[in-house]
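Here are my notes for you on the ligand and its surroundings. Have a look at the picture first, then read on.

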Amino acid sequence: MTYDSNNIFAKILRGEIPSFKIFEDDDTFAFMDIMPRADGHCLVIPKTPCRNLLDATPDQLASVMSTVQLVSRAAISAFDAHGATIQQFNEAAGGQEVFHLHFHILPRHDDIKLRPPGVMAEMEMVKSHADRIIAALS
Ligand code: 5GP
């Protein structure tokens, strides 16, 4: 399986399509999922290409996981959550739809189920949720 540089997250990294950025460092980028399954649902990706966990380098995984931890703590704080679910899918058979490595961060509250996938949110709401996580990061 080869990396397709025209996948949607590669386009977001190149600024060809918009996103609600919440964090960026030399190696990683974090932004809101536009079809959130929980309030504060966001994604962390490496800036360099790889399809998923299976072809990522140890350095890509290390930098991404460090950002996943940082953003998870901020998202939990921003939403007064009780925990977080971290999801990561590999290849179509594993549930992956966008073929650039990404980790989902889903703030969770006791007894509240995830919403169904594939439902577009109001962009104003996604932006306000991004702002809450950004504030918690600062
Ligand atoms: P997965 O590949 O892990 O199954 O899911 C890809 C995720 O990307 C989904 O949660 C979906 O809502 C999200 N997604 C798909 N297209 C876009 C987009 O254009 N912008 C953003 N921010 N998220 C997207």
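Which helix and which strand each supply at least two residues of the shell around the ligand?

1. They are helix H1 (8–13) and strand E2 (28–32). Helices (H or I, at least four residues) and strands (E, at least two) are DSSP runs, numbered from the N terminus. H1 gives the largest share of the shell, three residues.

2. A quick word on the model: it's predicted, so local features need pLDDT of at least 70, side-chain atom pairs count only at pLDDT 80 or more, and totals for chains, interfaces and linings use all residues. Residues are numbered from 1 along each chain as its sequence is written, and side-chain values use heavy atoms, with hydrogens and water left out.

3. Now the neighbours. Of the 15 residues around the ligand (those with a heavy atom within 4 Å of it), Met 32, Asp 33, Glu 97, His 102 and His 104 come nearest.

4. Next, polar contacts to the ligand (here, pairs of N or O atoms within 3.5 Å). A polar side-chain atom of His 104 sits 2.7 Å from a ligand oxygen atom. Gly 95 has a backbone N or O atom 2.9 Å from an oxygen atom of the ligand, and Val 98 has a backbone N or O atom 2.9 Å from one. On its own, the ligand has 520 Å² of accessible area (Shrake-Rupley method, 1.4 Å probe), and the protein covers 87% of that.

Methods:
A polar contact is a pair of N or O atoms within 3.5 Å; within protein, one must be able to donate a hydrogen and the other to accept it, and residues adjacent in sequence count only if both atoms are side-chain atoms.
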